[in-house]
Amino acid sequence: MAQDAGWGGGAYGGAPYGGPPGPPGWGGWGGGWVPPKPGVVPLGPMRLGDVMGGAFATVGRYGKQLLGVGAAAYGGALAVVLTAAAIAYSAVADHLDRILALGSDEDPRAEDWVPLLIAFSSVALVALIATVISTALMYAAVPAVLQEAVLGRPTTFSAVWRRAWSRMPAVVGTVLLTWLIVLVPILLAWLGFVAIVIAAVSTDGGGQIAVILIGVLGALATAPLATWLWVKFSLAPSVVVFESQGPIGALRRSSRLVRGDWWRIFGITLLAGAVAGFAGYLIQIPFSVLGTFSGMLGTGNLGDDPNPTAVITAVSGYVLAIMVGQLVSQLVVATFPPLVTGLLYVDRRIRTEELGPVLAEAAAVPPQYTQ
C-alpha cells in the first residue's frame, strides 16, 4: 500500500523501523545538511513551532479528509445514539408517564422504574460503544493522513477511510489497554482508601480527618505515576497505524520512542490539548446561545401541566443545537491532539532512527546542503 512506504521496514533498506543511514549531521542539524520540507514539516528534528505549525498546516491542507472522516464517524455515532434513544423512549413511554404523574407522597412501582432503568442503561451502553468506535476511527484516520502530509502527497477521503477502518480494532485495543494500565495505580489507591474509610468509620473526628488526608496524599502519589504511564504510551495509536502493529507491540514501541524525551513530549501534548480544548469551547458558545434562544421559544408555549412528549418537543431545538455544537467541538478535540502526537512520533523516529533520509527518498526530494 502506498501509505506504508517509508514507515516500516520493507520499502527502504529492509531495516526494521528505519532505513539507510542519513547524511552526516542529520540528527543534529550539522554537517551542512538542510532538512527538506516536501510536506507539512521539515524532515529533520522538529522544534515546538514545527510540530504545532505542522498540525495546523495538516488541518489546512487535508481538512476535507480529516473533517470528512470525523463527520462520518461522529455523525454516525450520534445517529445511532438518537435512534437508540427514540426506540427506548417508545418502549417505556407509558412507564415514564405513570412515574411523572405520581404525587409527592407516592413511590414509583418496580414495574415502572425497572424498565426505565434498563432503557437508560441500554442507551448509555450504545452511546459508550459508539463513542469508542468513532474516537478510534479518528485516532486511526489522523496518522493515515499524516503518512501522506509529511511527504507532501495528496490523498482522498476513501483512502483515509479504508486505512482508518482497517486499523480501528487495533487502535481500540491499544487505547483500552493504555487506559487499563494508567488506571491500575489509581484503582489500587482508591481501593486502599476505601478500606481505610471502612476501618475508620467508627473513629472520632480526628480519625476522619486523617482518613481524608491519606486519601489526598494517595491521589497526589498516584497521579504522577498515571501521568508518566500515559505519556510513555501516548505514541502507541500512531504506531498502530504507521507500522501496522498490534496493541502490545505498539505499547512497547511507544515506550522505546518516548525514552529520553518524556518531558518534551508531555509539554507539547499538554499544550496541544489546551489549544484544542480552548478552540472547542469557543466553538460551542454560539451553539449554546442559539440553543438557549430556541429553548426559550419552545418552553414559552407549554401549558401549566405539559406531558412528557410536549416537553421533549419544546426543548428539542435546544438539544439539537447543543448536540451539533458538541459534534463540531469534538471534531476539533479529536483531530488536533492526535495530529501533534503523530508528528511527535515522526520526530522521535527522525531523531533516534534517522528516518528523515528515508522519507526524503520516498518523497523524491534531492539532498540539499548549505554553502
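Which helix gives the most to the nonpolar patch? The answer is helix α3 (residues 110–149), which supplies four residues. Before turning to the details, it helps to know that this is a predicted model, in which local features need pLDDT of at least 70, side-chain atom pairs count only at pLDDT 80 or more, and totals for chains, interfaces and linings use all residues. Residues are numbered from 1 along each chain as its sequence is written, and side-chain values use heavy atoms, with hydrogens and water left out.

The overall plan is easy to follow. The protein has 10 helices and zero strands, so the order of elements from the N terminus reads α-α-α-α-α-α-α-α-α-α (helices are DSSP runs of H or I with at least four residues, strands are runs of E with at least two, and numbering starts at the N terminus). Of the 371 residues, 39% are buried. Here, buried means under 20% relative accessible area, exposed means over 50%, and partly exposed lies in between, using a 1.4 Å probe and protein chains only.The nonpolar patch on the surface is formed by Leu 125, Leu 128, Ile 129, Ile 133 and Trp 165, which together have about 480 Å² of accessible area. Such patches are made of residues with over 30% relative accessible area and no salt bridge; like charges are joined within 9 Å, and nonpolar side chains (Val, Leu, Ile, Met, Phe, Trp, Tyr) within 5 Å. The areas come from the Shrake-Rupley method with a 1.4 Å probe, and for residues only the protein chains shown count as cover. Trp 165 lies in helix α4 (residues 157–199) and counts as partly exposed because its relative accessibility is 45%.

Helix α1 (residues 48–61) offers a good first look at a helix with two sides. At 1.5 Å a residue, its 14 residues should span 20 Å, and the end C-alpha atoms are indeed 20 Å apart (the expected span is 1.5 Å times one less than the number of residues). Its buried residues are Val 51, Met 52, Gly 54, Ala 55 and Thr 58. They cover an arc of only 155° around the axis, which puts them on the same side of α1; the arc is taken from the directions from the helix axis to the C-beta atoms. Gly 49, Gly 60 and Arg 61 are exposed on the other side of α1. In the segment before α1 sits Pro 42, which counts as buried because its relative accessibility is 12%. The C-alpha atoms of Pro 42 and Val 150 are separated by 8.1 Å, although these residues are 108 apart along the chain.

Helix α7 (247–258) can be checked in a similar way. Its 12 residues should span 16 Å at 1.5 Å a residue, in agreement with the 16 Å between its end C-alpha atoms. Buried residues in α7 are Ala 250, Leu 251, Arg 253, Ser 254, Ser 255, Leu 257 and Val 258. Just after α7, Gly 260 takes a positive phi of about 90°.

Charged side chains come next. A search of the whole structure finds nine salt bridges, each being a side-chain nitrogen of Lys or Arg within 4 Å of a carboxyl oxygen of Asp or Glu. In one of them, Arg 349 pairs with Glu 243, and the closest N and O atoms are 3.4 Å apart. This pair links distant parts of the chain, with Arg 349 in helix α9 and Glu 243 in the loop between α6 (236–242) and α7, 106 residues apart. The side chains of Arg 349 and Glu 243 are also joined by a polar contact of 3.4 Å. A polar contact is a pair of N or O atoms within 3.5 Å; within protein, one must be able to donate a hydrogen and the other to accept it, and residues adjacent in sequence count only if both atoms are side-chain atoms. Arg 349 counts as buried because its relative accessibility is 0%, and Glu 243 counts as buried at 11%.

Arg 349 has another charged partner in Glu 353, with the closest N and O atoms 3.1 Å apart. Both residues lie in helix α9, four residues apart, or about one turn of the helix. Glu 353 is partly exposed, with a relative accessible area of 21%. Helix α9 itself covers residues 308–353.

A further salt bridge joins Asp 261 to Arg 348, where the closest N and O atoms are 3.4 Å apart. Here too the pair links distant parts of the chain: Asp 261 lies in the loop between α7 and α8 (262–299), Arg 348 lies in helix α9, and 87 residues separate them. Both Asp 261 and Arg 348 are buried. These two residues also belong to a network of salt bridges that links Asp 261, Arg 264, Asp 347, Arg 348 and Arg 351.
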